Structure formats: C-alpha cells, structure tokens
Amino acid sequence: MASIYFGFRNLRHAMATGSLTGDPVTQWEVRFQAVKKLLPFKRGVVGYITNSDVPGAKYDPNNEQGEYTLTQYTMAPIILVRGDNEAWTIANLNSKAFQLWSQTNQGKFRVMPLKDDLYLLQRLTP
Amino acid sequence: MTFLSILIFLPSILAGILIVHLLWRERGWKAVWVKIFLGIGLGLGQASLLDFVYMLWFSNENGFFLVQLALSAGLLIAVVVCERKDLRFTLPRVRFSRLQIFLLASLLIVMVLCALSAVNIWAREPHGAWDAWMMYNRAARFIYRDQPGWLGSFSRQMDPIFHADYPLQLGMDIAWAWQAVGQETQRVPIVLSGLFMLACAGLLGAALNLTKSLGQASVSLLFLLGSSLIGNEGASQRADLPLAYFFISTIVLIYLFASLRKPGLLILAGFMAGLAAWTKNEGSLFVLVALVALFIAFIDQNPWRVLGWYLLGLVFPLIIVLYFKEFLAPPSDVLGNGFTRSIQQALDLSRHILILKSFGADILSFGGEGFGIIPILLAYALIFRLSPSSYLRPAYLAIGLILILQAIGYYGIYLITPYDLEWHLVFSLGRLVFQLYIPFLFLFFTIVTDVEKALAVK
C-alpha cells in the first residue's frame, strides 16, 4: 500500500515538472535557428558574450551559465568559447547592454542584428 | 518514430542476449529472463563500444547499423549450431500462491504508476534533465552532426563545464541510432533511457526470482518502483541509471558465479564492469573496487583464476576506455586540484564532518521526504529476519565490499574535489546514493528470508 501511495505521489511530482507545451530547451533552439543559418561554417570555434561581459550592463548571474550551456547544446558541433576574441561571436545582449557594448567596439565588428536580443558579430580587426 | 527508435536497438539487444547465452548455457525460463535483462544492457554496451571503434576508422560512413545486424545474425547462427541437439521450447507451468498473486497485482499497479511518471517527464522534458542534455545528448550531437570531425567533441577549447572527458556509452548509442534512423529525434535518447529502466528493474526482479523466489522478487520491485526513484531518475536521461544498471549486472553475475561456479559468468561480470567505466567516471572506480573485492572474497578459492576470468571480460571495454582517456578526452576536472592542495583538503577535519553529515542525512532520507527507504528496509529485515546461506558467503562478502569500497571512493572524491564542497554534495550526492541503492536492494533481498517462507512460518 505504501508503494502505491508513493507511486501516486511521484506521479503527481512528475506532472508538476516543466510544462507540456513550453520546453525551454526547444524554445532556445528555435531562438538560435537564425544564428545557425547566418554562420558561414558548420564546425569550428565561435565566441559568446552576454550582458555580464559588458561593463555597466545589468545581468542575472543565475541565468548566465544556464544560457551559455543551452547555447552550446543548441549550436553543436560549433564550440562556444566565452569572449569576443574569435572571428565570429554570438552576442546574447539586451538592447541596453548592446548600446553600451557598441560604444566601446565601434568599427571592430560587423554587426548582424537578429530577433530576440541576439546579434552575430564578425570581427573586422585582428 | 518511437517504434522505429525501439526497432533500431533490437539487433544490438539480440546480440547481447546471445552473447550472455553463449557464455552461460543455463536453461529454464527463470534463467532466460535474467539473460534477457542482462542482454539488453550488454547489447547496448557492445554497440556503443563497437561504434566508437567504427567511428575511429569509418567516420564518413553510415553503416554501423549493418554491423549490428551482421553481428546479431552471426551470433544467432552460432547459438543455433551450438544448440542444435537441444533446441526445444517448453512453456513454463506456473502456479501462483495467493500471496504471490497479491504481490504481483500490487506490483502491476506500481509499475503502471512508475511508467506514467516516466512518460510525463519525457513529454515535459524531451531533452532530459540539465546534465543529460548538457553532457550526454550534447556529446551525441557533436558526433552525429559532424561525423567526419567528430573528434572535435573532445577539443581542449571546450569549456570544462561540459565534461567532454565523460565516457561515451550514451553518446555513441544515441549518435549511431540517429544515423540509423536518419534524423536527430529526441525519441532515441528517450527510448534508450526507457530500455535501461526496463533492464535495471527487470534484472533485479529476474535475478531474485532465479536465486530466491517470485515473492521476494516482487517485494524488491515494490521497493524499487514504489519509490519511483527509477521512474524519475531514469526518465531524466542522465547516466546514473545506466551506471546503476551496470553495477547491479556485475553484482548479480558475481553472485551467480559464487552459486553456480561457471567461469562465463565472471567473464560477463568483467565486461559489465568495463561498461560501467564506459558509462561514467565513477565506473572506473567500480572496476578497481570489484577487482579488490573479488580477490578478498575468493581468497581461499583460487583467487588468481577468479581475477583472470574477470579480467578476460574486462579487457575489451577497458582498452576502449583507456584509449579514450589517454588519447582523446581532455583532463578530468575533479582531479584538477593538484597533489598538494588535495592533501591539504584531505587533512581538513571540517570537510570530513560535512561529508559524513551529508552521507548520513542522504542515506537516511533517500527515496522519501524526511523519512527514507533505508529505515523501512531495516524494519523489514527485523520483521522478516535474515537467512543468509553459508555457501554464498564469498558472494555476500564480494558484493558488500564492492558497495562499501565504492562509497569510500565517493567519499575520497568529495575530499579532494576542486569545487565548493557544499555545492558539490548538494548537486551530486543523491545520485551517487542512487547508483548504489539498486545493487544494495539486490544484496538485501538475497539475505532476507523469502517473503513466502517468512509468512508461511508466521
């Protein structure tokens, strides 16, 4: 009887996990489809920056690592490295952070703005 | 797509069952069930190992499924040739007692609830839990999406948080199944996790049904499935359940060897231990721990021969693991502290206290909320009494030593971890206890008096 009780309790717990319609991983994949299309190669190393890389920009440290890992999962087999030192960089910046970043990086990158606070950056200067 | 994803693994599973049968010719339906559940894991394990070798040589080809088909066909012919004189099928005649019918009916309800829990989790988190998509499904994507450049998955440029050093049991199986299916569908890792859940629960039940009784097997499964640990953890697509499966497989095979004295069982045990090392880094510790435990447990029964058979089974998976670790994988982060700092941490008394407290709390509350399964099992043992067989003493000793030494190994890893200890304990200890819980359940129910006998006496 205890096993059946615990079985029901765990089923309730399973039904409270996530949601049937809004799996965050799938949503993240949809968000990054445009980046994948624009990148001129299918394998290699790409930079990745977020609000936390922009001095003065606000960010939520709890989301930082989660978003980075989700992006790596989505972009595989591209290898993501933190920073903007690569020839190509994905910028996951809100509009304020992007403005701040632009002020200090004028002329260094070709910027391709995408939907949902995403930008693809191509480094112009070595 | 779900059906196709199941179908794609069937030749590998058949190959696994046939390998088990060729090394252990026991007849009878009770043994057949054990062979089936051993064969599921062995089949998935051999497919992963062979695909790794295949990808090293033919990374531009997509023919691995044909290799599995050929292997299963070859093994089938070998079994038919070996068994041609004794090839006969007789259906088992089973009569259940009232107690067994009651236990089986309860088990059926619990199984349905457990399956519903798992299906719910798969529907809500198709990519699995955090670790699952970040490590195992990510590795599979690297291998599948860029076959010619798949070795780039282990690039030193990859951030260490993705654990590119983790062995590839799940990643290879998922990747070759995607190649065979022809698309990257989440149904494949879901089916794979379902197969390991089935094999894990099935093996516990089938092994106890063979060595003890049907009632004992049913009670053990009520404890396993009723807590729904297996349903929720298995559906998460992490590697802890497959690892627990390879632990219990090794342990069941050691137990059967102690009972039947067939060398093939120890060869299979070695292979299963090797597959544990191919599944997760904790499996490498398990390989060594099982070696030491076997030597001590069989010290007065030609231990070198026992170790020889175990090593014979271990050699192929171990070569693959060592090759992967030596030539492909980036260094492991857990051992990244360096010798001096590790010694300093090991001498820090506060770390010992924190780890012991966490172990105690986790073990006592494991599987429940506030009140865990272990105290319930202790109460069960007091009511039903222990009745170990003296001739199985080496088996109990070997299994007990394996569980204790493995737990000590985990303790040692926490001592030297480069991560914040409290975070590391919270993040991982529950899953480490889970890995040992399923083999512990097997040991427990082999020692406790059969439920049929205990209730008949009362």
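Student: Which residue follows α15(B), and is its phi positive or negative?

Tutor: This is a predicted model, in which local features need pLDDT (the predictor's confidence in each residue, from 0 to 100) of at least 70, side-chain atom pairs count only at pLDDT 80 or more, and totals for chains, interfaces and linings use all residues. Residues are numbered from 1 along each chain as its sequence is written, while chains are lettered from A and ligands numbered from 1 in the order in which they are written. Helices here are DSSP runs (H or I, at least four residues), as strands are runs of E of at least two, numbered from the N terminus. With a phi near 85 degrees, which is positive, the residue that follows α15(B) is B:Gly367.

Student: Why does the span of helix α15 of chain B agree with its 17 residues?

Tutor: The expected span of a helix is 1.5 Å times one less than its number of residues. For the 17 residues of helix α15 (residues 349–365) of chain B this rule gives 24 Å, and the agreement follows because the end C-alpha atoms are also apart by 24 Å.

Student: How many helices and strands does chain B have, and why is it described as compact?

Tutor: Chain B has 19 helices and zero strands. The radius of gyration is taken over C-alpha atoms, and the globule rule is 2.2 Å times the number of residues to the power 0.38. For 458 residues that rule gives 23 Å, so chain B is as compact as a globular protein of that length, its own radius of gyration being 22 Å.

Student: Which helix of chain B gives the most to the largest nonpolar core?

Tutor: A nonpolar core is a set of buried Ala, Val, Leu, Ile, Met, Phe, Trp, Tyr and Cys residues joined through C-beta atoms within 7 Å, where buried means that 20 or more other C-beta atoms, placed from the backbone, lie within 10 Å of a residue's own. The largest such core has 170 residues, and B:Cys200 and B:Ile248 are among those that touch the most other members. The helix that gives the most to this core, with 16 residues, is α7 (residues 187–211) of chain B.

Student: Which element gives the most to the side of chain B that touches chain A?

Tutor: Counting residues as in contact if their C-beta atoms, placed from the backbone, lie within 7 Å, 34 residues of chain B are in contact with 26 residues of chain A. At least two residues of that side of chain B come from each of α4 (98–124), α5 (130–145), α8 (214–226) and α9 (229–235) of chain B. With 11 residues, the element that gives the most is α4(B).

Conventions
Contact = placed C-beta atoms within 7 Å. Buried ≥ 20, exposed ≤ 12 C-beta atoms within 10 Å, placed from the backbone.
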